[in-house]
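Visitor: I would like to go through some strands of this model with you. May I put a few short questions?
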Amino acid sequence: MYCNFIDGKWVEGQAVSTNINPSDTRDIIGHFARASEAQAQAAFAAASEALAEWAAWGPQQRSDALDSIGSEILARRDELADLLAREEGKALPDARGEVLRAGQIFKFFAGECLRLPGELLASTRPGMTVEITREPIGVVTVITPWNFPLAIPAWKIAPALAYGNTVVFKPAELVPGCAWVLAEIISRARLPAGAFNLVMGSSREIGNVLLNDPRLAAISFTGSEGTGRKVAQAAVARPGGMARFQLEMGGKNPLVVLDDADIEVAVACALDGAYHATGQRCTASSRLIVTDKVHDRFVAAMLAKLPGLQVGDARNPATRIGPVVDAAQLAQDVDYIQLGQREGAELVYGGQAIAEVEGKPGFYLTPALFVGASPAMRICQEEIFGPVAAVIRVADAEQALAVANATPYGLSAGVCTTSLKQAAQFKRGLQAGMVMVNAPTAGVDPHAPFGGRKGSSYGPREQGRYAAEFFTQVKTSYINP
Ligand code: NAD
């Protein structure tokens with residue numbers, strides 16, 4: 001039985017969840033404690049108590065602690081990647097990449113502990129200066145989704161701790177194994193009891209406490225848009241004062257392929273962006289917007305390459321596309337594929353659910369490619385969150401840009417072109433937080449800011465130096481000497 005970590009102690013929950021491997025549903029990964037409301041409250045009490053001691057540790061000690069966490073993640077890369085692949089279904093190369101990123105993030109923020117930014121301004125008042133410093137915000141609730149079960153917790157927990165806050169971490173129900181192992185690694189850094197707490201369990205059972213506890217100062221959330229709205233409403237309505245909140249939500253990311261694109265590069269970007277990690281990425285390129293002149297060549301090249309994306313057990317080294325995470329997500333993907341056909345798009349590849357691969361029962365789905373899609377179709381407007389992409393044919397670059405921007409989302413966007421002028425125009429014109437030229441829409445470096453616009457995000461960016469905007473509060477001081 002894997003326990004919650006509250007106030008520096010491992011504690012059993014009010015109930016137990018059993019976690020299964022989506023590549024082989026007979027394989028039970030473990031039994032995980034589900035926290036009660038009272039335990040979630042105890043976590044906030046501990047986190048609140050720990051604030052003073054954690055602040056007293058000072059930047060060097062905090063840096064050393066985060067560095068040791070990063071080192072252990074990196075040293076255990078193969079083992080953690082295997083767990084991630086087994087629990088979430090991400091193919092091993094993608095899983096290894098995620099573990100590396102989680103380790104690098106802790107290392108980056110270990111450095112940031114020693115680089116807390118401040119500013120000194122001249123004052124309009126004679127003999128005085130204006131000093132701008134940054135302080136911790138307090139107790140932070142960290143709520144994460146299942147699709148990056150190590151990297152997303154890392155990019156919230158590491159900056160929260162680096163800037164002197166304490167944490168109550170609630171992972172997604174589907175991935176307690178990765179959350180538990182991360183908590184175990186953090187527990188070995190011997191932070192003050194309560195500085196970091198893990199409460200696993202159901203959002204129905206403890207969501208109310210996670211969003212409303214009077215001791216929390218901020219909520220950093222990544223997940224679906226629907227849950228994001230609930231987080232925002234709760235943060236604003238919270239008794240005892242509003243909580244600060246940051247939301248990273250869905251995407252419907254376009255990859256534009258222009259007349260002058262290198263088709264080989266465009267196909268590589270599309271295959272990676274649309275299908276790797278089984279398309280279960282908020283940054284997945286689910287809309288492939290291709291100009292008329294190269295459309296047929298691009299589709300033919302995609303069809304030639306798609307059979308090479310082997311679907312199978314995430315831990316089989318030959319697998320490129322692991323299973324969908326669970327039965328509910330698989331049903332959603334299949335529903336959208338059927339909807340796309342009803343809407344009049346043509347399914348030219350894949351989209352078949354497979355009950356068993358190599359004798360292993362799992363939630364397998366072959367990567368699906370639609371052509372003849374139009375921008376207003378629901379499959380081109382709503383996030384599917386599976387290995388499903390739709391090609392939209394457009395006349396020219398101008399129409400491509402308009403179509404790329406025509407969704408409620410604005411997380412990541414890509415363009416494939418060999419023209420510097422077109423690259424510059426799309427970089428300026430795309431309504432997205434991240435723009436990739438001749439590169440997949442997914443992923444940014446661990447030290448670069450991550451986030452979107454429109455319905456995809458709310459609040460300051462995550463990662464890199466920009467994380468300080470959310471995880472610190474600014475103080476403006478004057479001294480009249
Ligand atoms: P989800 O919204 O169902 O759950 C996210 C987290 O919120 C989970 O930990 C869940 O337990 C918790 N939660 C749900 N209801 C809650 C409540 N009422 N109170 C407190 N906590 C609650 O999302 P998911 O299915 O886990 O993840 C998939 C979604 O995440 C997709 O929409 C995807 O685009 C998005 N995502 C966004 C980013 C990004 O950075 N923009 C990154 C990864 C995933």
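Visitor: Which residues point one way from S7, and which the other way?
Guide: A preliminary remark: this is a predicted model. Val139, Thr141 and Ile143 point one way from S7, whereas Val140 and Val142 point the other way. Residues on both sides are buried.

Visitor: And how many residues of S7 are buried in total?
Guide: Five of the five residues in strand S7, which spans residues 139-143, are buried, and the strand is mostly covered.

Visitor: In which sense do S7 and S8 pair?
Guide: The sense is parallel, and the pairing of S7 with strand S8 (residues 166-170) extends over five bridges. Within that pairing, Val140 has Val167 of S8 as its bridge partner. Between S7 and S8 the chain passes through helix H5 (residues 151-162), giving a right-handed β-α-β crossover.

Visitor: What about S10?
Guide: Strand S10 (residues 216-222) is joined to S7 by five bridges, and the two run parallel. Opposite Val139 stands Leu216 of S10.

Visitor: Changing topic: what is the order of the open sheet of three strands?
Guide: The order is S5-S6-S24, with antiparallel pairing. Strand S5 (119-122) and strand S24 (472-478) are the edge strands, each pairing on one side only. From one strand to the next, the twist averages 25°.

Visitor: How many bridges join S6 to S24?
Guide: Seven bridges link S24 with strand S6 (residues 129-136), and these strands run antiparallel.

Visitor: Which residue of S24 does Glu131 stand opposite?
Guide: Glu131 faces Ser477 in S24.

Key. Residues numbered from 1 in each chain as written. Predicted model: local features only at pLDDT ≥ 70, side-chain atom pairs only at ≥ 80, totals over all residues. Heavy atoms only, no water. Pairing = 2+ DSSP bridges. Helix = DSSP H or I, 4+ residues; strand = E, 2+ residues; numbered from the N terminus. Axes fitted to C-alpha atoms, helices over the stretch in contact; angles between N-to-C directions. Buried < 20%, exposed > 50% of the residue type's maximum accessible area, 1.4 Å probe, protein only. Right-handed = clockwise from strand over helix to strand, strands pointing away.
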